[in-house]
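Me: I have just opened this entry and would like to understand the words used to describe it. Could you go through them with me, setting each value against its definition?

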Amino acid sequence: MLKNILCVILNIVYLIVLNMAIYTDRTVLPSGEVREWHRSPLTRLHMADQSLLFYLQAALAAVSILTGLLLLFGVRSAVIRKIQLIAAVGSTVMFVIILIVTSNAHVKYS
């Protein structure tokens with residue numbers, strides 16, 4: 001039961017962190033002025049044309065949260081437990097991958 005609550009809370013925290021402005025982009029403008037932007041991982045994923053990673057992470061988080069809530073409300077099935085475990089691990093892996101990709105992403109300006 002504690003594992004289910006922890007998985008639900010972690011997936012909510014993952015979605016909150018992905019929306020926080022934790023990256024700073026700086027560029028020198030032609031006038032010599034330096035401009036700064038504070039961006040979230042989702043914004044950087046979108047600007048680098050890699051939004052598919054977030055959609056995959058959101059789907060895994062939704063499955064993990066849904067199955068965690070089912071288990072909390074009394075549905076006891078080995079299949080649901082396995083699905084919840086796989087989705088939780090997949091969501092965590094995708095979260096780490098997104099943070100790695102966004103830290104090394106180069107924004108495409110057009």
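Reply: Let us begin with the word buried, which is used for a residue with under 20% relative accessible area, whereas exposed means over 50% and partly exposed lies in between. Please keep in mind throughout that this is a predicted model. With that cut-off, the buried residues of helix α3 are Q57, A61, S64, I65, T67, G68 and L71.

Me: What covers the buried residues of α3?

Reply: The cover includes α1, which runs over residues 2-18, and α4, which runs over residues 78-103. In α4 the buried residues are I80, Q84, A87, A88, G90, S91, M94, F95, I98 and T102, and these pack against α1, β1, α2 and α3.

Me: How do you know that the span of α4 agrees with what is expected of a helix?

Reply: The expected span is 1.5 Å times one less than the number of residues. For the 26 residues of α4 this gives 38 Å, and because the end C-alpha atoms are also 38 Å apart, the two values agree. Helix α3, with 22 residues at 51-72, can be treated in the same manner, since its reach of 31 Å from first C-alpha to last is close to the 32 Å expected.

Me: Why is S40 called buried?

Reply: Its relative accessible area is 8%, and the cut-off for buried is under 20%, so S40 counts as buried. This serine is found in the loop between β2 (34-39) and α2 (41-47), where it touches L18, N19, M20, A21, I22 and Y23, leaving aside residues up to four places away in sequence.

Me: What makes the pair S40 and T43 a polar contact?

Reply: The definition asks for a pair of N or O atoms within 3.5 Å, one able to donate a hydrogen and the other to accept it. The contact that joins the side chains of S40 and T43 is 2.9 Å, and the distance therefore falls within that limit.

Me: What makes R39 and D25 a salt bridge?

Reply: A salt bridge needs a side-chain nitrogen of Lys or Arg within 4 Å of a carboxyl oxygen of Asp or Glu, and the side chains of R39 and D25 meet at 2.6 Å, N to O. Because R39 lies in strand β2 and D25 in strand β1, the pair ties together parts that are 14 residues apart in sequence. R39, with a relative accessible area of 9%, is buried, and D25, at 10% relative accessibility, also counts as buried.

Me: Which residues are linked with D25 in a network of salt bridges?

Reply: The network links D25, R39 and R44. The side chains of R44 and D25 meet at 3.5 Å, N to O, and since R44 lies in helix α2 while D25 lies in strand β1, this pair ties together parts that are 19 residues apart in sequence.

Me: How many salt bridges does the structure hold, and where do R26 and E36 lie?

Reply: The structure holds 3 salt bridges. One of them joins R26 and E36, whose closest N and O atoms are 2.8 Å apart; R26 is in strand β1 and E36 in strand β2, 10 residues apart. R26 has a relative accessible area of 57% and is therefore exposed, while E36, at 41%, is partly exposed.

Me: What makes the phi of D49 worth pointing out?

Reply: Most residues other than glycine have a negative phi. D49 has a positive phi of about 55° although it is not a glycine. This residue is placed in the loop between α2 and α3, and because its relative accessible area is 58%, D49 is exposed. G74, which follows α3, also has a positive phi, near 105°.

Me: Why is V13 called partly exposed?

Reply: V13, placed in helix α1, has 36% relative accessibility and so counts as partly exposed, the bounds being 20% and 50%. Together with M1, I5 and I9, V13 forms a nonpolar patch on the surface, with about 370 Å² of accessible area in all.

Notes: Residues numbered from 1 in each chain as written. Predicted model: local features only at pLDDT ≥ 70, side-chain atom pairs only at ≥ 80, totals over all residues. Heavy atoms only, no water. Helix = DSSP H or I, 4+ residues; strand = E, 2+ residues; numbered from the N terminus. Buried < 20%, exposed > 50% of the residue type's maximum accessible area, 1.4 Å probe, protein only. Contact = heavy atoms within 4.5 Å. Patch = residues over 30% accessible without salt bridge, like charges linked within 9 Å, V, L, I, M, F, W, Y side chains within 5 Å. Areas by Shrake-Rupley, 256 points an atom, 1.4 Å probe, with all protein chains shown as cover.
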